[in-house]
Amino acid sequence: MCSEYNSNDERQSGISRRDFMKYMGVGAVGVSLSGTAMAGGNNLQPPEKILEAADRVKIRLHINGREQAVLVEPRWTLLYVLRESLGMSGSKEGCGRGECGACTVLIDNQPRYACMTLAVEAEGRHITTLEGLMQGEELGPVQTAFLEEDAFQCGYCSPGQIMAVEGLLRQNPDPSLDDIRTGVSGNLCRCGAYKNIFRAAQKAARLK
Amino acid sequence: MADENNIYYTQGLPVPETPEAGEKPAFWKDTGIVGKRKPRVDAYERLSGTAVYPADLKLPNMIYGAIRRCPYPHAKVTGVDVNKARNMPGVRAIITGDSPEAGYLKWSYQDYEGPLFDPHCRFEGEVVAAVAADTRYQARDAAQAIEITYKELPSLTDYQHALESDVPQIHAKGNLVGRNNYERGDISTGLAEADVVLDQEYNTACQIHTPLEPHGCVANWDGDYLTVWESSQGVYAVQSRLAEILGLPLAKVRVIGHYMGGGFGSKLTPGKYTVLATLLAKKAARPVKMILSREETYLCVGNRPAVSMQLKAGAKKDGTITALDFSCRGPSGAYPGGGTSLVDWLIRDLYTCSNVRCTSEDVYINSGTARPFRAPGHPQGSWALEQMMDTLAEKIGMDPLEIRLKNIPAISQGRGVPYTSSGLKQCIEEGARRFGWHQAVEQARAHNDSRSHIKRGVGMGSCVWYVGGGGPPATVIIRVFRDGSINLNMGASDIGTGTKTVMAMVAAEELGVKPEVIQIEHADTATTQYATPSGGSKTVPTESPTVRNAAIDAKQQLLEMAAADLDVDLADLVYEGTHIASSKDASKRLKVTEISRLKKRGVVVGTGYRGPNPEDKSVNPFAAQFCELEVNTKTGQIKILRFLGAHDSGRVLNRLTYDNQIFGGIVMGIGFGTTEFRQLDSKQTGKLCNDNWSDYKIPTALDVPVNMESLPIEIDDPEANNTGAKGLGEPVTIPTAAAISNALYMATGVRFTQAPVTPMEVCRRLSAHKEA
């Protein structure tokens with residue numbers, strides 16, 4: 001244990017960019033194998049060993065109410081792990097750079113871009129994906145509203161739009177039109193189904 | 001099996017009369033299902049996450065592909081060294097121009113054919129090597145680790161200078177792709193007859209498709225049998241191109257495209273990436289997923305090219321257009337891609353004019369090659385023509401509606417044949433009425449008399465779309481199972497336009513069953529019937545009559561079978577949906593599901609083919625769109641308040657998806673008119689500066705009006721085809737930008753002739769106007 005980390009209370013409340021670079025640094029990647037590297041930031045541990053780029057670490061992800069252990073490279077995004085490791089392809093990749101929102105998931109009830117979140121960062125958090133909104137085989141209320149209002153065309157942005165609306169409604173069960181427009185403003189729809197997305201969000205608020 | 005009376009059949013709705021074999025079906029007068037608002041049949045899959053798009057597919061043993069691309073707009077590859085990359089973790093296959101499996105392969109752009117790996121890279125993003133590795137990260141790492149040496153060449157990225165003598169020559173034959181000339185009447189006579197002659201330059205910027213799902217595929221070999229899951233608008237087009245390039249029989253190439261995340265014309269054909277995925281899969285003996293990065297999609301999978309247009313127009317005081325003299329220049333990019341194709345079509349066809357001359361000049365530049373983009377050429381030509389119409393109207397003291405209504409053409413002048421139907425006049429008149437045009441104009445003028453720096457304007461534009469009537473070939477199969485449920489089998493892709501839903505409704509209408517019991521198999525070259533790609537606004541007018549024909553064929557067979565069971569004359573039998581009954585003897589009545597041969601066979605197969613379009617007539621959709629906006633003259637910000645789209649696309653088949661298509665087209669037109677432009681670093685590196693959605697702005701939820709309205713102008717068109725539907729997907733985005741610019745003129749008194757009209761452009765032009 002390096003006292004530098006334990007002796008500083010401020011450090012324990014979060015992670016600075018400098019610390020982050022130490023962990024995820026150039027050329028080699030380090031994460032704590034014994035605890036969580038990023039989650040919550042309360043158990044920040046120094047690396048017990050330095051990993052090569054292709055080395056994988058075991059993390060536990062709490063997705064849609066189930067905990068799953070998965071081996072990941074520390075540089076893998078949460079989106080990559082969801083789609084390519086776990087086969088949960090409901091979350092889409094449109095840009096991989098935090099612009100389109102097709103990968104939006106809820107992390108602790110907040111809409112987040114899964115392409116901009118490392119899987120190791122998500123450990124210990126509650127992740128909700130599109131699949132998690134299903135009620136068994138039935139569509140959940142936001143999904144049903146999207147169906148009824150025809151709030152999509154190709155459907156590739158829809159998982160992200162739905163998660164953005166779900167996140168909005170969890171914070172604000174009775175959003176105004178402006179709240180809705182702002183709530184989905186981080187989610188691009190090239191087919192241009194926005195008008196129907198707004199209507200679906202309004203209907204979802206009634207259905208929920 | 002379920003109770004077919006409750007579940008499979010619609011109740012109380014008349015089933016269309018079944019024509020005798022060889023006879024054409026009667027045009028539907030009233031419909032029970034078609035035209036209603038029906039949520040999509042595949043909404044569940046798309047909204048639950050169970051729909052598997054090509055980017056979602058995960059096969060056993062699948063590995064990932066990545067492409068190394070030339071970073072320069074113009075360069076020659078002088079060396080490729082893969083030794084370092086080959087030994088990197090996870091790497092299983094590398095393909096370069098030196099690889100034996102790739103060396104002989106060709107790639108073509110229209111009539112141009114070159115090697116798949118061309119060491120002469122004529123655009124930033126040309127392929128140089130491809131890698132497959134266990135993870136996508138490893139594949140991208142290894143692709144970057146390939147050591148490549150280039151000889152940089154001087155580049156040309158400003159198309160305005162492409163034909164000058166001292167610029168870099170991109171091809172041995174020079175920088176001219178081709179010229180297209182069109183003339184009717186006599187321009188000088190027409191200009192001499194005019195009371196007013198105006199001459200104006202108009203420009204539009206290069207627009208990138210950027211569908212949400214990046215281009216890509218998964219390729220897998222079973223011995224010599226290739227299966228490709230491609231994010232595509234047409235599986236048969238992908239199959240034929242791959243078979244040709246790889247030298248395979250068509251039957252050995254299966255292309256599947258059940259879901260795809262948008263294309264807008266950029267996914268009509270496969271890309272080099274598709275071929276590379278097949279080569280890597282062969283070499284690695286594993287399935288390969290090759291999905292392009294967002295940045296790659298900006299570089300090399302098509303665009304709507306920029307264009308510079310000059311339009312000289314003459315009009316008489318009574319509004320008669322006497323002359324339209326149009327010329328334009330635009331770039332295909334590095335290879336032929338229809339750079340200026342159809343930019344002049346509206347000039348030729350939309351308004352009555354006896355004297356028309358059009359010249360189009362398509363040139364090469366060092367950038368990615370153009371591909372068809374939703375109504376190729378049309379939004380650009382509309383930007384010029386619709387603004388010119390308003391300017392002419394103003395000069396002769398006419399209302400913008402009036403000058404257009406004065407010049408409604410009696411026939412398609414571009415083709416010299418009549419239209420089967422034209423709702424252009426109704427689109428303008430009824431659209432204006434619904435929009436409250438005159439009132440809106442008055443209110444905006446009154447508002448602008450105040451001292452507010454927020455100015456208000458209303459504008460409109462109308463259009464025709466070049467095609468939109470569909471046509472052969474198409475084949476559809478409808479299978480009626482012994483419990484009365486239906487399987488509809490067609491090769492066409494549903495690119496988000498709602499094709500599957502519309503086809504289920506057409507089949508349901510004709511067969512008297514509920515749309516919900518129709519299961520659709522589609523977009524698979526191995527198991528579904530031949531279809532051309534979904535583009536050109538032709539899928540509905542091509543496939544819907546074909547579906548109807550298939551349903552009728554099935555009905556005719558069921559009637560024949562029932563005639564044998566009931567021992568009555570076939571001509572006396574009527575297909576009623578749940579039952580088949582004699583029109584003469586009420587006791588002769590039989591449930592469809594009790595037909596003995598249907599029960600015995602298990603399934604009856606009806607086949608439909610798309611018949612020919614009418615000879616010597618043109619089938620085209622028409623539209624008029626109306627816009628109201630505000631512009632902040634201090635910040636240049638444009639706020640679009642409302643839009644109305646009045647569209648004549650023949651019969652509306654599904655009102656829900658019809659409206660959605662109109663709203664979506666308007667949104668894309670708002671992008672074309674106000675936010676989107678590809679920025680090449682023409683003066684220095686020639687590289688693309690905005691290869692992402694942060695720097696290349698498409699409309700977001702905050703940029704579009706909530707108040708958008710669709711007004712269908714339905715005109716019976718039995719000549720077009722047996723459902724009377726015309727195309728919709730493209731006309732919806734043609735006049736949008738021009739309507740915005742016309743509204744901006746009313747708001748500011750300034751003509752914005754350069755698209756897109758960004759806030760910066762507004763400020764620049766307004767301050768220039770103030771100084772003048």
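In this predicted model, the centres of domain 1 and domain 2 of chain B lie 41 Å apart, taken over C-alpha atoms. Contact between the two domains involves 14 residues of domain 1 of chain B and 17 residues of domain 2 of chain B. On the domain 1 side, the touching residues are 6 nonpolar, 7 polar and 1 charged. The division of chain B gives domain 1 as 4-30 + 470-609, domain 2 as 54-153 + 210-300 and domain 3 as 399-468 + 618-771.

**Strands of chain B**

Strand 10 of chain B (residues 196-204) runs antiparallel to strand 15 of chain B (residues 307-315), and 9 bridges join them. In this pairing V196(B) faces A315(B) of strand 15 of chain B. Strand 15 of chain B also pairs with strand 16 of chain B (residues 321-333), again in the antiparallel sense, over 8 bridges. Here G314(B) is set opposite A323(B) of strand 16 of chain B. Strands 15 and 16 of chain B make a hairpin, with 5 residues between them. G319(B) sits in the turn and has a positive phi of about 95°.

An open sheet of 3 strands in chain B has the order 22-23-24 and antiparallel pairing. Its edge strands are strand 22 (573-575) and strand 24 (589-591) of chain B, each pairing on one side only. Direction ignored, neighbouring strands of this sheet are turned by 15° against each other on average. Strand 23 of chain B (residues 579-582) and strand 24 of chain B share 3 bridges. H579(B) is opposite K591(B) of strand 24 of chain B. Helix 16 of chain B (residues 539-566) lies across strands 22, 23 and 24 of chain B. The helix runs at about 135° to strand 22 of chain B.

The table collects antiparallel pairs of chain B.

| Strand pair (chain B) | Bridges | Opposed residues |
|---|---|---|
| Strand 10 and strand 15 | 9 bridges | V196(B) and A315(B) |
| Strand 15 and strand 16 | 8 bridges | G314(B) and A323(B) |
| Strand 23 and strand 24 | 3 bridges | H579(B) and K591(B) |

**Chain A and its domains**

Chain A is split into domain 1 (3-132) and domain 2 (134-207). Their contact takes 16 residues from domain 1 of chain A and 14 residues from domain 2 of chain A. Strand 5 (104-107) and strand 6 (110-113) of chain A each supply at least two residues of the domain 1 side. Strand 5 of chain A gives the most to that side, with 3 residues. By class, the domain 1 side holds 7 nonpolar, 7 polar and 2 charged residues.

**A helix pair in chain A**

Helix 6 of chain A (residues 158-171) and helix 8 of chain A (residues 194-207) have axes that come within 10 Å and cross at roughly 40°. Helix 6 of chain A is therefore oblique to helix 8 of chain A. The crossing is right-handed. Q161(A), V165(A) and L169(A) of helix 6 meet I197(A), A201(A), A204(A) and A205(A) of helix 8 of chain A. This contact has 6 nonpolar residues, 1 polar residue and no charged residues.

**Where the chains meet**

The contact takes 47 residues from chain A and 46 residues from chain B. On the chain A side, helix 5 (141-148), helix 6, helix 7 (177-183) and helix 8 are the elements that give two or more residues. The touching residues of chain A divide into 23 nonpolar, 12 polar and 12 charged.

Technical notes
Residues are numbered from 1 along each chain as its sequence is written. Chains are lettered from A and ligands numbered from 1 in the order in which they are written. This is a predicted model: local features need pLDDT of at least 70, side-chain atom pairs count only at pLDDT 80 or more; totals for chains, interfaces and linings use all residues. Axes are lines fitted to C-alpha atoms, for helices over the stretch in contact, and angles run from 0 to 180 degrees between N-to-C directions. Helices (H or I, at least four residues) and strands (E, at least two) are DSSP runs, numbered from the N terminus. Angles under 35 degrees count as roughly parallel, over 145 as roughly antiparallel, 65 to 115 as roughly perpendicular and the rest as oblique. A crossing is left-handed if the near helix is turned anticlockwise from the far one by less than a right angle, and right-handed if clockwise. Two residues are in contact if their C-beta atoms, placed from the backbone, lie within 7 Å. Ala, Val, Leu, Ile, Met, Phe, Trp, Tyr, Cys and Pro count as nonpolar, Asp, Glu, Lys and Arg as charged, and the others, Gly among them, as polar. Two strands pair if DSSP finds at least two bridges between them. Domain bounds come from an automatic or database domain assignment.
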